Amino acid sequence: MDTELKNLNQNHAHEEQQQIDNGEQPLLKSDSKSSNESTNKTPEKQVTATELEAMEKKFAAYVRRDVYGPMGCGELRVKEKVLLGIAMVTLLPLRVVVGMTVLVIYYLVCRICTLFSTPHRPEEGEDQQQQMEDYGHLGGWRREVIVRCGRFLSRAMLFTLGFYWISNSSRIYDQEKLSDGNDSKDQLESSERPGVVISNHVSYLDILYHMSSSFPSFVAKRSVGKLPLVGLISKCLGCVYVQREDRSSDFKGVSGVVTERIKEAHENCDAPLMLIFPEGTTTNGNFLLPFKTGAFRAGAPVLPVRHVVFLLCQFVNYMEVMELPIYYPSKEEKDDPKLYANNVRKLMADEGNMTLSDIGLPEKRIYHAALNAIAAV
């Protein structure tokens with residue numbers, strides 16, 4: 001683990017220098033030296049309150065504050081203990097039963113719609129990352145039923161989990177805000193279909209919301225395609241599967257497949273959109289981490305979406321979603337995926353009132369390790 005974190009920190013430091021060279025000045029910066037020092041700490045060392053407070057300031061993008069405390073290890077008040085006890089014996093079993101019922105119903109819908117149909121399989125010589133059945137390219141009534149039922153049942157699942165109301169808002173840009181360059185002045189007049197939905201990543205519920213909204217495909221571990229019930233559903237979504245254990249040529253292969261799928265979705269209205277979380281990990285929703293460029297290499301328009309999930313209690317949960325207009329890249333952005341990614345990131349941060357942060361997965365692991373050490377005391 002130490003070696004892995006050191007390598008990740010070295011790569012992250014290189015990315016940080018590139019950002020500085022490009023003129024970016026994030027408000028929250030990563031400290032590679034501190035990260036290495038924290039990584040070398042033995043798990044047995046107790047983290048003091050002062051150290052934890054300092055870490056929360058440094059790793060603010062990962063700090064979550066709710067009634068249960070960080071990682072659910074906080075001290076509950078008597079009222080919260082009573083509510084939690086009631087929910088455990090009433091609400092939890094009900095939600096599990098209803099949730100499983102919704103899942104089984106949609107599995108049966110997918111099973112019926114895929115009967116006697118031929119799944120899409122890559123031809124000989126194509127990339128090995130997608131050598132699994134893919135029903136995402138079904139057409140006609142089969143695709144219509146899968147999409148409509150998927151969107152409805154995904155919203156039903158969110159309702160079951162306590163998201164009775166979801167606040168949706170959209171933004172309309174004036175021409176000056178879109179871009180200072182002439183290449184982007186036709187964005188307001190363009191009606192091209194986006195190839196990918198770009199979203200910040202807050203929790204596992206993100207995918208459920210996007211399924212209820214646009215029903216896109218997304219990148220998933222190869223093992224997901226083999227799971228009971230969920231496996232067939234992911235194939236009907238048209239997921240791109242990743243063999244994460246094989247690091248030899250994995251990144252290049254997946255990046256190529258995703259780029260082709262984004263181009264296809266942009267050019268073909270019958271092809272499923274792709275959903276990409278370019279941050280690569282989850283945050284508390286108040287910060288925006290650096291974007292990876294995979295979703296921007298195709299040069300296709302993107303649909304930015306920003307959302308926040310409020311898990312304040314088990315009985316009622318809240319979600320706020322802000323959908324921005326389709327972002328059409330300029331010629332310079334098409335030629336430079338890094339520039340494209342940075343501009344979309346800055347736009348999302350500005351519209352969502354989020355803080356730009358350049359910390360990454362190594363810092364998240366350090367912060368969670370500290371929380372686990374406190375919980376073990």
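Begin at helix α3 and select T50 and K57: these exposed residues sit on the face of α3 turned away from its buried side. The structure on display is a predicted model.

**Stop 1: the two faces of α3**

Keep α3, residues 49-58, in view and add L52, M55 and E56, which are buried. How do the buried residues fall when α3 is seen down its axis? They lie within an arc of 100 degrees, so they line one face of the helix. A general point helps in reading this view: an α-helix has 3.6 residues a turn, so residues three or four places apart point the same way.

**Stop 2: the whole protein**

Now zoom out and colour by secondary structure. The protein comprises 13 helices and 9 strands. Of its 377 residues, 47% count as buried. Contacts may be displayed next. Among those in the protein with a separation of 6 or more, 73% are accounted for by residues 24 or more positions apart.

**Stop 3: the largest nonpolar core**

Select Y106, I146, L158, F163, I166, L237 and M319. These are the residues with the most contacts inside the largest nonpolar core, which has 39 residues. Which elements each supply at least two residues of this core? They are the helices α5 (91-113), α6 (140-160), α8 (205-213) and α9 (230-237), together with the strands β3 (217-221), β7 (302-310) and β8 (318-323). Helix α5 gives the largest share of the core, 6 residues.

Next, centre the view on L237. Leaving out residues up to four places away in sequence, L237 touches G136, M211, F215, P216, S217, F218 and P272. Then select I276, A295, A341 and M348, which are included in a second, separate core of 28 residues.

**Stop 4: the second largest pocket**

Select L103, M157, L208, M211 and V230. Of the 22 residues that line the second largest pocket, these lie nearest its centre. The pocket holds about 640 Å³ of space. As a general matter, rolling a probe the size of a water molecule over the atoms shows where empty space is left.

Display α5, α6, α8 and α9, each of which supplies at least two residues of the lining of this second largest pocket. The largest share of that lining, 6 residues, comes from α5. How many residues of the lining are nonpolar, polar and charged? The lining of the second largest pocket divides into 17 nonpolar, 4 polar and 1 charged.

**Stop 5: two loop residues with positive phi**

Before the next selections, a general remark: most residues other than glycine have a negative phi. Select L229, in the loop between β3 and α9. L229 is not a glycine, yet it has a positive phi of about 65 degrees. Its relative accessibility is 22%, so L229 counts as partly exposed.

Move to N353, in the loop between α12 (337-351) and β9 (355-356). The phi of N353 is also positive, near 55 degrees, in a residue other than glycine. Is N353 buried or exposed? With a relative accessible area of 70%, N353 is exposed.

**Stop 6: residues brought together from separate parts of the chain**

Select V316, in the loop between β7 and β8. V316 counts as partly exposed, at 21% relative accessibility. Add F163, and draw a distance between the C-alpha atoms: V316 and F163 are 153 residues apart in sequence and 6.5 Å apart in space. V316 also touches G162 and Y164, residues up to four places away in sequence being left out of the count.

Continue to I366 in helix α13, residues 361-376. I366 counts as buried, at 7% relative accessibility. Where does F59 lie relative to I366? The two are 307 residues apart in sequence, and their C-alpha atoms are 9.1 Å apart in space.

**Stop 7: V305 in strand β7**

For the last selection, choose V305, which is placed in strand β7. V305 has 4% relative accessibility and counts as buried. Show its surroundings: with neighbours within four places in sequence set aside, V305 is in contact with V197, I198, S199, N200, H210, V321, M322, E323 and M348. Finally, add I326, which is 21 residues from V305 along the chain; the C-alpha atoms of this pair are separated by 9.7 Å.

Notes. Residues numbered from 1 in each chain as written. Predicted model: local features only at pLDDT ≥ 70, side-chain atom pairs only at ≥ 80, totals over all residues. Heavy atoms only, no water. Core = buried A, V, L, I, M, F, W, Y, C linked by side-chain atoms within 4.5 Å. Buried < 20%, exposed > 50% of the residue type's maximum accessible area, 1.4 Å probe, protein only. Helix = DSSP H or I, 4+ residues; strand = E, 2+ residues; numbered from the N terminus. Contact = heavy atoms within 4.5 Å. Arc of directions from axis to C-beta. 1 Å grid on protein atoms, 1.4 Å probe; cavity = no way out; pocket = protein on both sides within 12 Å on 5 of 7 lines; lining within 4 Å. Points joined across faces, edges and corners; volume = space filled by probe spheres on them. Nonpolar A, V, L, I, M, F, W, Y, C, P; charged D, E, K, R; others polar.
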